[in-house]
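Here are a few exercises to work through with the structure open in your viewer. Each one has a task, then a solution in steps.

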Amino acid sequence: MAIKKRILGKTSLNITEMGFGGIPIQRISEDEAIKVVRHCYELGINYFDTARGYTTSEERIGKALEEVRENVYIASKSHARTSKDLWENLKTTLNNLRTDYLDVYQLHNVNEESWKFISSPNGALEAIKDAKKEGIIKHIGITSHSPAFLIKMVEEQEIFETIMVGYNFIAQQPAEILLPLCKRKNVGTIIMKPFGGGAFTNASTALKFILVNKNVSCTIPGMLSVEEVEENVKICSESLELSEEEKKIIEEDRKILGEEFCAACDYCQPCPSGIPISFVLRTELSSLRRMGWTESLIKQTQDTAQKVDACLQCGVCEIRCPYQLPIRKLLPEKMERLKKLSETRSIP
Ligand code: SF4
Ligand code: SF4
């Protein structure tokens, strides 16, 4: 069982087509997290992605990989918009990861608005270029939830050697222009949230759908147990061709999730009424399926219901949503269903 590798665009790094996504290990104990990361390494995964914004994730990955640092590629991200903040973030990240360099450092969750600050004098772009010149970071990347924005970046900014975007069998937009463009420009493509942030239940169909696309360099699922690591490595080590049964599963999931799939990017925020939009749109298909009704989820549902009632119908959220979701139509429908499910403690 050997996981296959692909070249990460112009970085020339030879990385495993499935890497490790560092978001979920924040939710488990440190010992468990270290065990999971080590198991990934032992099974051959060589690309580990985290971010300054993922609380304990960097520290845990650092502890797990310290002794094998030279055998792996580590990527992190910074939300910094200014040069000063980026240097501070980078210092903390290196310290957390117990290393003196990063293989890939990415500007995190960028859009048109934040790019104005990042690319202005004393912005984070200056600092990230300087950090590369100093050899502290080997390659520069950018992450965004907006394929359209990333197309613009890849076309206009030679500096970016990798992009990270969400792509799956519901949100297929990146496959049309962005991923082929990256292939032509030799920009590495890293696919985040391959399981739709927990909305897809079948790991095999989700991973194969992404990796069968040769314009993809790698995907980085989060994994919470050694069993999950083993299952995902097995899937990626075998043929990526989707069986007839798996194609049917995809069709079913498409029908269920339909055109209403929320990627939890929170670009729709801030909402003037304080409505946690992604919570309303996603809970039924993600946290509820994963964890069932907890006391805190019930309380959050009750509190959110009052906020949804106070929606101003201003539509600002819909203008910001990169997936053009009809948020004003969906919010009351989803909220009503969530309330009903919480009253009976039902799980769909
Ligand atoms: S339409 Fe409603 S949910 Fe959307 S931003 Fe306005 S108040 Fe918030
Ligand atoms: S509603 Fe749109 S912008 Fe808001 S979290 Fe979901 S996908 Fe992102």
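Two residues count as in contact if their C-beta atoms, placed from the backbone, lie within 7 Å. Keep in mind that this is a predicted model.

**Exercise 1: the two domains**

Work out how many residues of domain 1 are in contact with domain 2, and how the side of domain 1 that touches domain 2 divides by residue class.

Solution.
- Start with the bounds: the domain assignment of the protein chain puts domain 1 at 5-250 and domain 2 at 277-344.
- Next, take the C-alpha centres of domain 1 and domain 2, which are 28 Å apart.
- Now apply the 7 Å cut-off to C-beta atoms: six residues of domain 1 touch seven residues of domain 2.
- Finally, sort the domain 1 side of that contact: two nonpolar, four polar and no charged residues.

**Exercise 2: a helix pair**

Describe how helices α13 and α15 pack: what are the angle and the axis distance, and is the crossing left-handed or right-handed?

Solution.
- Two numbers do most of the work here, because a packed helix pair is described by the angle between the axes and the distance between them.
- For α13 (residues 295-309) and α15 (residues 327-344), the angle is about 145° and the axes are 10 Å apart.
- As for handedness, α13 passes α15 in a left-handed crossing.
- Who does the touching? From α13 it's I298, T301, T304, A305 and V308, and from α15 it's L331, P332, M335, L338, K339 and S342.
- By class, the residues of this contact are seven nonpolar, three polar and one charged.

**Exercise 3: around ligand 1**

Find which residues come nearest to ligand 1 and which element gives the largest share of the shell.

Solution.
- The shell around ligand 1 has 15 residues, and C271, C311, L312, C314 and C317 come nearest.
- Two elements, α14 (316-320) and α15, give two or more residues to this shell.
- The largest share, three residues, belongs to α15.
- Sorting the shell by class gives eleven nonpolar, three polar and one charged.

**Exercise 4: the open sheet**

Trace the strand order of the eight-stranded open sheet, then name the edge strands.

Solution.
- The order reads β3-β4-β5-β6-β7-β8-β9-β10, and the pairing is parallel.
- Look for strands that pair on one side only: these edge strands are β3 (20-21) and β10 (218-219).
- Zoom in on the β10 end: β9 (residues 188-192) pairs with β10 in the parallel sense over two bridges.
- To check one residue pair there, pick I191, whose bridge partner in β10 is T219.

Key: Residues numbered from 1 in each chain as written. Chains lettered and ligands numbered in written order. Predicted model: local features only at pLDDT ≥ 70, side-chain atom pairs only at ≥ 80, totals over all residues. Axes fitted to C-alpha atoms, helices over the stretch in contact; angles between N-to-C directions. Helix = DSSP H or I, 4+ residues; strand = E, 2+ residues; numbered from the N terminus. Left-handed = near helix turned anticlockwise from the far one by under 90°. Nonpolar A, V, L, I, M, F, W, Y, C, P; charged D, E, K, R; others polar. Near = placed C-beta within 6 Å. Pairing = 2+ DSSP bridges. Domains from an automatic or database assignment.
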